[in-house]
Each structure stands twice: as structure tokens, then as C-alpha cells.
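Here is a short walk through the structure, written to be read with the model open beside you. Turn it as you go and pick out the residues as they come up.

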Amino acid sequence: MSLRHDDERTFRTQVVAAALLDDPHRPQRLIAAQRAYPESLRGLWELPGGKQEPGETVQEALHRECREELGVRIRLLEEVPGPHRQGWPLSESAAMRVWTAVVVGAAEEQEADADALGTGRQPEGADHLELRWVRIGPEPIEGLQEAEALPWIPADLPILDGIRRHLAG
Ligand SMILES: Nc1nc2c([nH]c(=O)n2[C@H]2C[C@H](O)[C@@H](COP(=O)(O)OP(=O)(O)OP(=O)(O)O)O2)c(=O)[nH]1
């Protein structure tokens, strides 16, 4: 009997991330977050998220990370499927599952709301230096930078491409 590669948990670390969209029906922008740490990733841009914790579902991890990092409640839309059951490979030991989502309000007892996630805003936690809306939709928007114009963590570039294709349907 052969064990299918797919059945194994190949990547030790499961990361989750949200492609936070400005509009669930006609998305044009998503939130990019600039990492503050570690030093090797400082200044690079990523999707908000983090490592799934033991005993937590992927969905729970997504809600928790957005609450902790951004101070917002989100509604999950759809998974942007990666090439692997564990999502999009980031390294030999980590893969990331990505969901499209929208902000539905501030996390409890926080001032933040969807409007507060504006370009140049100082984020809630210490994880990010800056949050920025960037263009992911097909149409140019005056004054708005295209997502890929930022220096992303290199592993995220195929993921951005996957998000674009997913949104294009
Ligand atoms: N959140 C996030 N992490 C990414 C992306 N691309 C990418 O390679 N990574 C990597 C960076 C990190 O090595 C790992 C995520 O770890 P993290 O430091 O964000 O996780 P965490 O919030 O749970 O943090 P910690 O408690 O371990 O400090 O995945 C991305 O788009 N978003």
C-alpha cells in the first residue's frame, strides 16, 4: 500500500492569513501589512495572519490573528486554494492557508473599525509597522499603488497571483 503524499502533514508549521478585501462583491483593494520583526523580514509586506495554535481550527486562527493584530472582527469569504492541502508553501517547513475576508467591525472594546484600516494607519499590535490598502482588482485606481509594487515576502508573490486569479473567478 502506498501512502499518498497528500495524506501527510508535510509542513510542520501551519500559517493562516487573510486577504482582507474592501468589497466582497467587487473587490478592488486588499490590506497589506508591513512586518516589524524578525529583523530578516522587517520592512517586508505580507497578508495579516500568523501561526495556527494547537487545538484551534484554521478559521479560529484567522479570527484570532485579525483581532490581535488589527483589532478587527472579520467575516471569512472563501479559501484561495494553494497547490497543497496545507495551502501555499512558504519554506520547507511552513505552509499558509489563505482566505478572502472582509472587516465587519471593531474587536470588542477597541476603537478600530473598517474605516480605521486606512492607508498609513499605525496598526494595533507590535507585529506591523504599517497597514496599507493596495490595488488587487483589475481596474486602475488613481493614487492607489498596485499590490506588487511593494516589497513583499518573496513567498507571497505567487499567492498574490493566486488571489488575483481567484477574484477574477
Ligand atoms: N502572517 C504571515 N506570515 C507569513 C506570510 N508570508 C510568509 O512567508 N509568512 C511567514 C512569516 C513567519 O515566518 C510565518 C508566520 O509567523 P508569524 O510570526 O506571523 O506568526 P505569529 O503571529 O503566530 O507570531 P509569533 O507568535 O510566532 O511571533 O510565516 C504572510 O503573508 N503572512
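Right after helix H1 comes Gly71, whose phi is positive, near 70°. In this predicted model, H2 is followed by a glycine with a positive phi as well: Gly169, near 80°. For context, most residues other than glycine have a negative phi.

The two helices are easy to set side by side:

| Helix | Residues | Number of residues | Span, first to last C-alpha | Expected span |
|---|---|---|---|---|
| H1 | 58-70 | 13 residues | 18 Å | 18 Å |
| H2 | 157-168 | 12 residues | 17 Å | 16 Å |

In both H1 and H2, the span is close to the expected one.

Which residues of H1 are buried? They are Val58, Ala61, Leu62, Arg64, Glu65, Cys66, Glu69 and Leu70, so charged side chains are on the list along with nonpolar ones. These buried residues pack against E1, strand E4 (49-51), E5, E7 and E8. In H2, the buried residues are Ile159, Leu160, Gly162, Ile163 and Arg164. Their cover includes strand E1 (13-20), strand E2 (29-35), strand E5 (72-80), strand E6 (88-89), strand E7 (94-106) and strand E8 (128-135).

Now step back to the whole chain. It holds 2 helices and 8 strands, and from the N terminus on the elements run β-β-β-β-α-β-β-β-β-α. Of the 169 residues, 47% are buried. Among contacts with a separation of 6 or more, 66% are between residues 24 or more positions apart. The chain exposes about 9100 Å², and carbon and sulfur atoms supply 48% of that area.

**The cores**

The largest nonpolar core has 21 residues, and those that touch the most other members are Leu30, Leu47, Met96, Val98, Trp152, Ile159 and Ile163. E1, E2, E7 and H2 are the elements that give two or more residues to this core. Ile159 shows how such a residue is surrounded: not counting residues up to four places away in sequence, Ile159 touches Leu47, Trp88, Leu90, Met96 and Val98. There is also a second, separate core of 18 residues, which includes Cys66, Leu70, Val72 and Ala101. Cys66 and Leu70 belong to the buried residues of H1.

Have a look at Val102 too, in strand E7. Is Val102 buried or exposed? With a relative accessible area of 7%, Val102 falls under the 20% cut-off and therefore counts as buried. Leaving aside neighbours within four places in sequence, Val102 is in contact with Leu20, Leu21, Asp23, Pro24, Arg73, Ile74, Arg75 and Leu77. One of these partners, Leu21, is 81 residues from Val102 in sequence, yet the two are 5.4 Å apart, C-alpha to C-alpha.

**Around the ligand**

The ligand has 15 residues around it, and Arg35, Tyr37, Leu47, Lys51 and Asp156 come nearest. Where do polar side-chain atoms sit relative to an oxygen atom of the ligand? One from Asp156 lies 2.4 Å away, and one from Lys51 lies 2.5 Å from an oxygen atom of the ligand. On the nitrogen side, a ligand nitrogen atom is 3.2 Å from an N or O atom in the side chain of Glu46. The protein covers 74% of the 630 Å² of accessible area that the ligand has on its own.

Glu46 deserves a second look. This residue lies in strand E3 (residues 45-46), and Glu46 counts as buried because its relative accessibility is 8%. The side chain of Glu46 makes a polar contact of 2.8 Å with that of Arg35, and another of 2.8 Å with that of His128. Leaving aside neighbours within four places in sequence, the contacts of Glu46 include Ile31, Ala32, Ala33, Trp152, Ile153 and Asp156.

Finally, one peptide bond to check on screen: Tyr37 and Pro38 are joined by a cis peptide bond, with omega about -10°. Most peptide bonds are trans. Pro38 sits in the loop between E2 and E3, and Tyr37 is among the residues that come nearest to the ligand.

Notes. Residues are numbered from 1 along each chain as its sequence is written. Side-chain values use heavy atoms; hydrogens and water are left out. Helices (H or I, at least four residues) and strands (E, at least two) are DSSP runs, numbered from the N terminus. The expected span of a helix is 1.5 Å times one less than its number of residues. Buried means under 20% relative accessible area, exposed over 50%, partly exposed in between (1.4 Å probe, protein chains only). Contact means heavy atoms within 4.5 Å. A residue is near a molecule or strand if one of its heavy atoms lies within 4 Å of it. A polar contact is a pair of N or O atoms within 3.5 Å; within protein, one must be able to donate a hydrogen and the other to accept it, and residues adjacent in sequence count only if both atoms are side-chain atoms. Accessible areas come from the Shrake-Rupley method with a 1.4 Å probe; for residues, only the protein chains shown count as cover. A nonpolar core is a set of buried Ala, Val, Leu, Ile, Met, Phe, Trp, Tyr and Cys residues joined through side-chain atoms within 4.5 Å.
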